[in-house]
Amino acid sequence: MPNTMSRRRSGSPTRRRPGVASYRPNNRRPKRANGGQYINPAKFVNSAVAKQEEIPYEPTHKFVDFPFSEGLHKNIAHKGYVTPSAIQDQAIPHVLEGRDVIGLANTGTGKTAAFLLPIIQRMQRTAAQPSVLIMAPTRELAQQIDEEFRSFVYGMKLYSTVVVGGMNIERQIRDIRRRPHVVIGTPGRLKDLLNRKALNLDGIDTLVLDEADRMLDMGFLNDIKTIVNLTPPDRQTLFFSATITPDIERVINDFLKNPVTVSVRTSETSEHVEQTVIHARDKDHKLELLTQLLEDESYDKVLVFGDTKFGVQRLSDKLSRSGITSAAIHGNKSQSQRQRALKEFRDEKVRVLVATDVAARGLDIPNVSHVINFDQPKTYEDYIHRIGRTGRAGASGTAHTFVTK
Ligand code: AMP
C-alpha cells in the first residue's frame, strides 16, 4: 500500500479533522467546477458519520402479485427476480394504470424493469409499430435496456430495435422498416433518423426518458424536445432521473401530465464505499502508484477513470504493457470495440477497465472491487457517479482519488 495514502473508512467512529469537510451526497447540488478547477481533496474522503444501520426496503408486493400475463411472470421468474426493488414496487402499479411517472432513481436500483415490465404488460401486439419509444443517454445504456427487454418478452413475439450513434445507420433504417414494437435510442441518432424520415413517431403511445439528467448534461435538450414534440400528445410518459434541476423541472412541466413521483434516491452509494485520497507528484508518479496498488490481488475488478480519450487509451496500453490485463472505453472507440472491452471486463477476462466519464455513464457492471480516479473528476456529481460503480447492492467497495499538487 503506498504510504502517500490518507485513509478513512466509513463505518469507523468519526473523528472530524479540522478542515476535512464531511461529504454529503444528497443534501446539496454539486457545484460545477470549471475544467481543472481545484477541488479540495477532503471532498474525496468520506468522513461520514458512523455507518447507520441499514434498513432494508420492505416491498408491498411480490412479483406474483402484479397483474402480469402468464408469459411475463414466467420470464420474470426465469431471471430469478422474486422481490421487486423499491422503485419497481412503487412505480409499477402507477405505470400499469397508465399514469405519467417521474422516477427519481439512480442506476442499480432496478429502474429498467420498473418501466419495462408494466410497459410490456400494457403493450398490444397489434399496436402501431413502434408504439414505445425509449430514449437513453448512451449507447451502452440503450443496449442494456434492449437486453433486459428481450429477456422479459421471450416467447411473446414482441420486438425491439436499438438505434444509437457510432453504428451503421442504413442497417438501423432496415431494422426500423421491420416495424419493431419498441425503439430504444440515443437522442442524436433518433433525430438523424427522423430527419431522414426513416422513423415515424405517430404511433407512439408510451415514451420513456431514461437518465434524463445525463441526457441534459450531454447537451441533448434540444434534440429531446424535437423528438418528444413529434410523438402524440396523449401518450403516457415515464421520466427517470437521479437529480432534479431547474432544467429538468422545465422538461417535466413540458412533457408530463399530472405525474406521480416515486423517489428511491438514497445516499447508499457513497456510504458503502470507502473513499481515500492518494497524493502524487505528477502523472508518472500516479502510474507508479497505480501499478503498486494493482500488485494487491484484492484489486480484481478495477475501474479506472481518466480525463481524456487519449489519456485513457494511453493508460490502458501502459498497464497492458506492464502485464496488467486492461481494456479501455472512450468516445474514440467504435461501438463494437467498446462492447468487446466491456464484455472482457464484465467476464473478468481483464482486471482493469480504463474509462472516460461519458463512456462509463449508466453502465451496470457488477462486482467492481475498486474505482480509481486516476484523473480527478471535474465535478462532485461526476465523483458520485464514478464511485457509485462500486459498492453496489449493499456490497462494500473502495474508491481512491489521485490528487497531484
Ligand atoms: P438497473 O437499475 O435497472 O440498471 O438494474 C440493476 C441490476 O439489478 C440489473 O442487473 C438488473 O438485472 C437487476 N435487477 C433489477 N430488478 C431486480 C429484482 N427485482 N431482483 C433482482 N435483480 C434485479
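## Two helix residues and their distant partners

Ile-76 lies in helix α1. This is a predicted model. With a relative accessible area of 1%, Ile-76 is buried. Its C-alpha atom is separated by 9.6 Å from that of Ala-113, although the two residues are 37 residues apart along the chain.

Arg-174 belongs to helix α5, which covers residues 169–177. Its relative accessible area is 49%, and the cut-off for exposed is over 50%, so Arg-174 counts as partly exposed. Between the C-alpha atoms of Arg-174 and Ala-198 there are 8.9 Å, and along the chain the two are 24 residues apart.

## The ligand and its shell

Which residues are closest to the ligand? They are Tyr-81, Gln-88, Gly-108, Gly-110 and Thr-112, out of 14 residues that surround the ligand. By type, the shell divides into three nonpolar, eight polar and three charged residues.

Several backbone atoms lie opposite oxygen atoms of the ligand. For Gly-108, a backbone N or O atom is 2.8 Å from a ligand oxygen. For Thr-109 the corresponding distance is 3.0 Å, and for Lys-111 it is 3.3 Å. Taken alone, the ligand exposes 490 Å², and the protein buries 73% of that area.

## Aromatic rings

The structure holds six aromatic pairs. One of them joins Tyr-81 and Phe-152: the ring centres are 6.0 Å apart and the planes stand at 75 degrees. The pair is edge-to-face because the angle between the planes is over 60 degrees.

Where do the two partners of this pair sit in the chain? Tyr-81 is in the loop between α1 (70–78) and α2 (86–97), while Phe-152 is in helix α4 (residues 139–152). They are 71 residues apart, and the pair thus links distant parts of the chain. Tyr-81 is partly exposed at 27% relative accessibility, whereas Phe-152 is buried at 0%. Both rings also belong to one aromatic cluster, together with Phe-63, Phe-66 and Phe-68.

## Charges over rings

Phe-152 has a further neighbour. The charged end of Lys-79 sits over the ring of Phe-152, at 5.2 Å from the ring centre. A second arrangement of this kind involves Lys-286, which lies over the face of Phe-374 at 4.9 Å from the ring centre.

## A side chain that reaches the backbone

Is Thr-138 buried or exposed? Thr-138 is buried, with a relative accessible area of 5%. Its place is in the loop between β3 (132–135) and α4. From there the side chain of Thr-138 reaches the backbone nitrogen of Leu-141 at 3.1 Å. This distance is within 3.5 Å, so the contact counts as polar.

## Two residues with positive phi

Most residues other than glycine have a negative phi. Lys-197 is not a glycine, yet its phi is positive, at about 60 degrees. Lys-197 is found in the loop between α6 (187–195) and β6 (206–209). At 73% relative accessibility, Lys-197 counts as exposed.

Glu-211 also has a positive phi, near 50 degrees, and is likewise a residue other than glycine. The place of Glu-211 is in the loop between β6 and α7 (212–217). Its relative accessible area is 6%, and the limit for buried is under 20%, so Glu-211 counts as buried. Of these two loop residues, then, Lys-197 is exposed and Glu-211 is buried.

Note on methods
Residues are numbered from 1 along each chain as its sequence is written. This is a predicted model: local features need pLDDT of at least 70, side-chain atom pairs count only at pLDDT 80 or more; totals for chains, interfaces and linings use all residues. Side-chain values use heavy atoms; hydrogens and water are left out. A residue is near a molecule or strand if one of its heavy atoms lies within 4 Å of it. A polar contact is a pair of N or O atoms within 3.5 Å; within protein, one must be able to donate a hydrogen and the other to accept it, and residues adjacent in sequence count only if both atoms are side-chain atoms. Accessible areas come from the Shrake-Rupley method with a 1.4 Å probe; for residues, only the protein chains shown count as cover. Ala, Val, Leu, Ile, Met, Phe, Trp, Tyr, Cys and Pro count as nonpolar, Asp, Glu, Lys and Arg as charged, and the others, Gly among them, as polar. Rings of Phe, Tyr and Trp (its six-membered ring) pair if their centres lie within 6.5 Å; planes under 30 degrees apart count as stacked, over 60 as edge-to-face and the rest as tilted. Helices (H or I, at least four residues) and strands (E, at least two) are DSSP runs, numbered from the N terminus. Buried means under 20% relative accessible area, exposed over 50%, partly exposed in between (1.4 Å probe, protein chains only). A charge sits over a ring if NZ of Lys or CZ of Arg is within 6 Å of the ring centre and within 35 degrees of the ring normal.
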